[in-house]
Amino acid sequence: MPANLSPEYLAAEKRFRSARTLDEKILALEEMLAVIPKHKGTEKMQADIKRRLSKLRIEGEKRTGRKGLSYSIRREGAGQVLVTGLPNVGKSSLVGRLTNASTIVANYPYTTQKPLPGMMFYENIQIQLVDMPPMAYEPADPWYANMSRTADLIVVMVDLMDAPDTQLELVAEELARFRIRPAGWPGKEGDTYELEKPMLVLGSKADHQETREVLPELRRAASGLPVLAISNETGQGLEAVRTAVFRLLDIIRVYTRAPGKEHDLSHPFVLKRGSTVADLACEIHQDFLEKFKYGRVWGRGKFNGQKVNRDYPLSDGDVVELRI
Ligand SMILES: Nc1nc2c(ncn2[C@@H]2O[C@H](COP(=O)(O)OP(=O)(O)O)[C@@H](O)[C@H]2O)c(=O)[nH]1
Ligand SMILES: [Mg+2]
């Protein structure tokens with residue numbers, strides 16, 4: 001069976017070959033493993049990558065004398081959102097305020113050593129926020145890059161009291177090392193990006209800092225990325241954070257109803273924006289996808305119960321009845 005390797009895989013493999021440090025090699029191999037097409041034709045290659053990875057990890061542990069810790073967090077809810085930034089900017093405070101997680105907040109840096117997830121409500125859905133260890137002034141571990149690459153959205157938090165524009169630049173540089181470019185950014189010359197990622201910039205401690213001057217500076221540095229000023233102390237801007245996160249995830253909530261029954265608005269199906277009636281059917285059950293003939297849709301800007309075919313694109317809030 002042909003392996004049908006994707007351009008992403010070939011790019012990661014090329015990086016592996018030109019990698020100089022152990023960390024770079026591990027990162028490239030992890031990327032290769034993440035993007036390699038998973039089918040019978042690549043099973044041998046997958047095993048080979050895993051073998052090389054474990055060899056390099058052991059080598060790394062020998063060299064540093066510590067066990068190379070590696071973390072990942074399983075995605076839950078409607079999307080996974082990382083909260084990252086330099087030390088002491090208020091990341092743990094934010095995740096603690098918006099979710100059920102008991103994050104550790106302290107006025108000294110590096111209190112958060114490993115990623116900690118929590119669930120944030122947005123109206124009737126839940127979104128996963130992950131309180132990340134700080135991006136520091138030294139290169140992050142490979143797992144940090146991996147988590148950043150697989151997240152649905154990255155929230156970059158900067159402290160408005162401490163040159164927030166420079167902080168944003170530092171974080172953007174680190175993300176560029178992960179080959180991630182904030183969606184919509186032009187990117188710097190010489191950097192090779194591989195992945196565009198939606199991003200939200202939060203300026204924290206707005207209660208302490210007169211924002212009139214620093215906010216425009218931060219907006220300029222963010223060149224087009226969405227920016228919000230917030231305070232974990234007073235709660236200023238936190239509701240706006242929920243809404244912005246939902247919007248940037250680019251998802252819609254769609255409700256189903258059985259013929260002749262009431263709408264059930266408590267349990268939405270969460271779909272990517274642009275999803276069709278067929279995508280919804282597929283989400284409900286594979287059987288449905290094959291069986292259903294048409295749908296009826298209720299929603300803003302539609303006739304009530306309008307008959308639609310399987311390619312009909314759905315919008316947030318639509319109610320759909322699938323007819324077999
Ligand atoms: N005044 C003010 N202090 C904050 C705010 N957010 C966090 N802090 C304080 O800043 C320090 C670091 O907060 P923490 O959430 O642990 O930051 P992290 O290292 O980025 O996770 C703590 O003393 C917090 O109480 C805020 O919005 N306003
Ligand atoms: Mg923290």
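This section describes the predicted model of the chain, from its overall dimensions to its core, its strand pairings and the surroundings of ligand 1.

The chain comprises 10 helices and 13 strands, and its C-alpha atoms occupy a box of roughly 65 × 60 × 40 Å along the principal axes. Of the 324 residues in the chain, 36% are buried. When contacts between residues at least 6 apart in sequence are considered, 61% of them join residues at least 24 apart.

The largest nonpolar core contains 73 residues, among which Val81, Val83, Val155, Val201 and Val245 touch the most other members. Strand S4, spanning residues 153-159, supplies the largest share of this core, with 6 residues. In soluble globular proteins, nonpolar side chains tend to be buried together. For valine 201, once its neighbours within four places in sequence are set aside, the contacts are with Val156, Val158, Leu168, Leu218, Ala222, Leu225, Pro226 and Val227.

Helix H5, formed by residues 142-150, is mostly covered, with 7 of its 9 residues buried. These buried positions are Pro142, Tyr144, Ala145, Asn146, Met147, Ser148 and Arg149. The elements against which the buried residues of H5 pack are helix H2 (22-35), strand S1 (80-85), S4, helix H6 (164-177), strand S5 (180-182) and strand S6 (195-197). Strand S4 is thus named both among the packing partners of H5 and as the element with the largest share of the core.

In helix H9, which runs over residues 277-284, the buried residues are Val277, Leu280 and Ala281. Viewed down the axis of H9, these buried residues fall within an arc of 100°, and they therefore line one face of the helix. The buried residues of H9 pack against strand S9 (251-256), strand S10 (269-272), helix H10 (286-291), S11, S12 and S13.

Several of these strands are also connected to one another by pairing. Strand S11 (residues 294-298) and strand S13 (residues 319-323) run antiparallel and are joined by 5 bridges; within this pairing, tyrosine 294 has arginine 323 as its bridge partner in S13, and glycine 295 is partnered there by leucine 322. S11 also pairs with strand S12 (residues 306-308) in the antiparallel sense, over 3 bridges, and here glycine 295 stands opposite valine 308. Glycine 295 accordingly has a partner in S13 as well as one in S12. The two faces of S11 are distinguished by their coverage, Gly295 and Val297 forming the covered face, whereas Tyr294, Arg296 and Trp298 form the uncovered one. S13 itself is mostly covered, 4 of its 5 residues being buried. In addition to its antiparallel pairing with S11, S13 pairs with S9 in the parallel sense over 2 bridges, with threonine 256 standing opposite valine 320 of S13.

Two exposed positions may be set against these covered elements. Glycine 274 lies in the loop between S10 and H9, and it counts as exposed because 11 C-beta neighbours are found inside 10 Å, the threshold for exposure being 12 or fewer. The C-alpha atom of glycine 274 is separated by 30 Å from that of aspartate 131, a residue 143 positions away along the chain. Glutamate 61, which is found in helix H3 (residues 43-64), is likewise exposed, with 12 other C-beta atoms within 10 Å. A distance of 43 Å separates the C-alpha atoms of glutamate 61 and glycine 235, which are 174 residues apart along the chain.

Ligand 1 is surrounded by 20 residues, of which the closest are Gly90, Lys91, Ser92, Ser93 and Asn107. Helix H4, comprising residues 91-98, contributes the most to this shell, with 3 residues. By residue class, the shell around ligand 1 consists of 5 nonpolar, 11 polar and 4 charged residues.

How values were computed: Residues numbered from 1 in each chain as written. Chains lettered and ligands numbered in written order. Predicted model: local features only at pLDDT ≥ 70, side-chain atom pairs only at ≥ 80, totals over all residues. Near = placed C-beta within 6 Å. Nonpolar A, V, L, I, M, F, W, Y, C, P; charged D, E, K, R; others polar. Buried ≥ 20, exposed ≤ 12 C-beta atoms within 10 Å, placed from the backbone. Pairing = 2+ DSSP bridges. Contact = placed C-beta atoms within 7 Å. Core = buried A, V, L, I, M, F, W, Y, C linked by C-beta atoms within 7 Å. Arc of directions from axis to C-beta.
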